[in-house]
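Trainee: Please take me through one part of this model closely. I would like to see how a single helix is placed, and what surrounds it.

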Amino acid sequence: MKLYVASSWRNSYFPEVVKRLREEGFEVYDFRNPPSGDPGFKWHLVGEDWQEWTPEQYREKLNHPLAERQFKNDWEAINSCDACVLVLPCGRSAHTEVGWFAGKGKKTIAYIPTKEEPELMYKLFDGIACTLEELIDMLKY
């Protein structure tokens with residue numbers, strides 16, 4: 001099974017989740033280290049003032065070659081994966097990605113290793129795992 005792990009650059013659980021899923025035999029897309037060999041994407045590479053952009057500047061910067069390259073990497077992975085694991089805590093991009101999978105009827109599981117604010121719409125997902133063991137079991141069956 002090919003897995004897309006959606007999360008945040010700031011998520012400290014992400015590397016462990018990717019490692020463990022690979023050890024269990026899953027093919028895992030790692031947005032931090034895409035198979036294209038590109039370095040992972042961060043907005044500060046597009047512009048040091050990225051947190052000060054207006055909505056118009058943000059819209060324009062989505063067309064920057066680095067943003068285009070990473071979007072292509074992620075989009076190709078999204079379209080080739082069978083399931084998505086949402087690793088909390090995370091932000092808007094990860095939620096958009098897992099929402100796409102849920103909308104396509106593909107398997108979606110939220111992994112919530114720590115206390116988080118409840119979210120009703122996670123009922124759309126196929127499961128909520130609180131441990132890596134639960135996550136692996138949910139993916140295997």
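Mentor: Start with α4, and keep in mind that this is a predicted model. Helix α4 lies across three strands: β1 (2–6), β3 (83–87) and β4. Against β3, α4 runs at about 150 degrees.

Helix α5, residues 132–140, also packs on the sheet. Its contacts are with β1, β3, β4 and β5. The direction of α5 makes about 175 degrees with that of β4.

Now the sheet itself. It is open, has five strands, and its pairing is parallel. Read across, the order is β2-β1-β3-β4-β5. The edges are β2 (27–29) and β5 (127–129), each of which pairs on one side only. On average, neighbouring strands are turned by 25 degrees against each other, direction ignored.

Look at the pairing of β4 with β5. Strand β4 covers residues 107–111 and is joined to β5 by three bridges. The two run parallel. Ile109 stands opposite Gly127 in β5.

Back to α4, this time for the largest pocket. That pocket has a volume of about 1300 Å³. Its lining has 28 residues, and the closest to the centre are Trp9, Phe41, Trp43, Ser93 and Ala94. Helices α4 (92–103) and α3 (65–80) each supply at least two lining residues. The most comes from α3, with seven residues. By class, the lining has 15 nonpolar, seven polar and six charged residues.

So α4 has two roles to trace in the model: α4 lies across β1, β3 and β4, and α4 supplies at least two residues of the pocket lining.

Technical notes:
Residues numbered from 1 in each chain as written. Predicted model: local features only at pLDDT ≥ 70, side-chain atom pairs only at ≥ 80, totals over all residues. Heavy atoms only, no water. 1 Å grid on protein atoms, 1.4 Å probe; cavity = no way out; pocket = protein on both sides within 12 Å on 5 of 7 lines; lining within 4 Å. Points joined across faces, edges and corners; volume = space filled by probe spheres on them. Helix = DSSP H or I, 4+ residues; strand = E, 2+ residues; numbered from the N terminus. Nonpolar A, V, L, I, M, F, W, Y, C, P; charged D, E, K, R; others polar. Pairing = 2+ DSSP bridges. Axes fitted to C-alpha atoms, helices over the stretch in contact; angles between N-to-C directions. Contact = heavy atoms within 4.5 Å.
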